[in-house]
Amino acid sequence: MGSESELTIVIPVLNEEEAIGKVLDELFKEGFRREQIVVVDGGSTDRTVDIAKSMGVKVVLQEGRGKADAIKTALKFVNTPYMLVMDGDYTYPAKYIRNLLELAKRCDLDEVIAARRYGRENIPIVNRFGNWVLTQMFNLLFGTKLSDVLSGMYLVKKESVEDLLFTTKGFSIESEIAAHIAATTGKIGEYPIEYRRRIGRKKLRVVHGIRIALDMVRLAWQYNPVFFIASIGALLLIPGIALGIWVAYHYLFLGIKYYVKGLIALFLTLIGLQSLFIAILALYLKRMEFRIVKKLSSVCRS
Ligand SMILES: Nc1nc2c(ncn2[C@@H]2O[C@H](COP(=O)(O)OP(=O)(O)O)[C@@H](O)[C@H]2O)c(=O)[nH]1
Ligand SMILES: [Mg+2]
């Protein structure tokens with residue numbers, strides 16, 4: 001199958017002895033070759049590394065700590081146009097990999113996220129809620145329409161993550177990659193997949209969710225500060241409109257005039273609206289800037 005030399009499959013693992021063998025077997029069954037698979041170990045103390053090695057795939061010990069550093073290490077071993085990242089816990093079926101690649105090529109996308117649309121009951125309820133909140137937050141901050149930004153399975157063009165800054169650590173890596181692509185080319189898409197129940201013990205805890213949220217805010221600030229500040233300003237619309245309605249109600253139905261409160265309501269509403277427009281403008285300008293930069297850099301390279 002010709003698509004294989006285009007793709008390297010990266011599997012970050014930390015103590016996944018119960019699952020890694022099944023993950024690799026499934027990849028082989030799908031026709032992927034040993035040479036295109038890289039298992040990045042985070043210092044497992046169980047049999048994970050032995051199992052992966054015995055199955056003939058490349059196993060590397062990551063530099064640094066956490067999942068983000070694992071991906072950073074893995075990039076050094078990727079010499080194909082595309083990289084696919086997936087968990088080593090047998091939750092993401094290998095059969096979708098070709099669909100992700102096909103979509104990326106057909107629509108010229110820099111990232112395709114495998115969105116967990118089916119089998120959502122296999123995501124623990126707290127994580128399901130956390131995922132939803134964090135995805136909505138990401139959409140708000142980066143103007144995207146994603147449904148599962150934190151999925152552990154995604155395909156990226158190697159070229160588009162080569163200049164990633166890796167300013168985040170651990171489980172925020174998915175957000176940083178998506179933020180980078182959303183804020184640069186905007187060429188990010190999703191493919192719906194089925195999620196399976198995890199084998200072995202999960203590493204992500206609630207505290208990681210809070211960390212991810214804070215990192216998202218920092219990423220928004222880093223990639224588009226004007227949009228970020230203006231968005232906060234736009235929040236003034238909420239008290240502005242609420243106070244406006246309150247003042248109008250008192251005037252129209254009770255005949256009481258509140259001058260100062262009326263002025264404050266007007267003031268908040270106007271600043272809020274202004275900020276909202278600036279935020280939208282900042283978002284469009286940013287997208288335009290990146291399209292131009294991309295065009296220029298490709299001109300320089302050729
Ligand atoms: N190399 C490496 N892999 C890790 C580390 N932490 C977690 N992983 C792996 O990253 C994947 C995602 O972790 P998981 O616990 O499944 O998180 P979840 O899918 O978000 O619940 C799994 O394959 C883990 O074994 C780490 O520090 N280093
Ligand atoms: Mg997982």
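**Exercise 1. Around ligand 1**

How many Å is an oxygen atom of ligand 1 from a polar backbone atom of G66? Work this out in the predicted model above, then describe the surroundings of the ligand.

*Solution.*
Step 1. Find G66: one of its polar backbone atoms is 3.4 Å from an oxygen atom of ligand 1.
Step 2. Compare that value with the cut-off for a polar contact, which is a pair of N or O atoms within 3.5 Å. At 3.4 Å, the G66 pair falls inside it.
Step 3. Now try a nitrogen atom of the ligand. One such atom is 3.4 Å from a polar backbone atom of V13.
Step 4. Finally, list the neighbours. There are 19 residues around ligand 1, and those that come nearest are E16, Q62, D87, K202 and K203.

**Exercise 2. Following R198**

Locate R198 and trace what its side chain reaches.

*Solution.*
Step 1. Place the residue: R198 sits in the loop between β7 (188–194) and α8.
Step 2. Look towards the ligand. An N or O atom in the R198 side chain is 3.0 Å from an oxygen atom of ligand 1.
Step 3. Look towards the protein. The side chains of R198 and D89 are joined by a polar contact of 3.4 Å. The R198 side chain also reaches the backbone oxygen of R201, again at 3.4 Å.
Step 4. Set aside the neighbours within four places in sequence. R198 is then in contact with E16, D89, T91 and K203.

**Exercise 3. A salt bridge across the sequence**

Which residue's side chain meets that of E6 in a salt bridge, and how many residues apart is the pair?

*Solution.*
Step 1. Recall the idea: side chains of opposite charge can pair when their charged atoms come close.
Step 2. Check the distance. E6 and K105 meet through their side chains at 3.0 Å, N to O, and the cut-off is 4 Å.
Step 3. Map both partners: E6 lies in the segment before β1 (7–13), while K105 belongs to helix α4 (residues 97–106). The two are 99 residues apart, so this pair links distant parts of the chain.
Step 4. Put the pair in context: the count for the model comes to 19 salt bridges.

**Exercise 4. Where two domains touch**

Describe the contact between domain 1 and domain 2.

*Solution.*
Step 1. Set the bounds: domain 1 covers 2–223 and domain 2 covers 226–301. Their C-alpha centres lie 36 Å apart.
Step 2. Count the residues: 13 come from domain 1 and nine from domain 2.
Step 3. Consider the area. The domains bury about 900 Å² between them, with 62% of it on carbon and sulfur atoms.
Step 4. Look for charge pairs: there are zero salt bridges between the domains.
Step 5. Name the elements on the domain 1 side. Those giving two or more residues are α5 (125–142), α7 (173–184) and α8 (206–223). α8 gives the most, with four residues.
Step 6. Sort the residues of that side: eight are nonpolar, three polar and two charged.

Notes: Residues are numbered from 1 along each chain as its sequence is written. Chains are lettered from A and ligands numbered from 1 in the order in which they are written. This is a predicted model: local features need pLDDT of at least 70, side-chain atom pairs count only at pLDDT 80 or more; totals for chains, interfaces and linings use all residues. Side-chain values use heavy atoms; hydrogens and water are left out. Domain bounds come from an automatic or database domain assignment. Contact means heavy atoms within 4.5 Å. Buried area is the accessible area (1.4 Å probe) that two parts lose on being put together, summed over both. Ala, Val, Leu, Ile, Met, Phe, Trp, Tyr, Cys and Pro count as nonpolar, Asp, Glu, Lys and Arg as charged, and the others, Gly among them, as polar. A residue is near a molecule or strand if one of its heavy atoms lies within 4 Å of it. A polar contact is a pair of N or O atoms within 3.5 Å; within protein, one must be able to donate a hydrogen and the other to accept it, and residues adjacent in sequence count only if both atoms are side-chain atoms.
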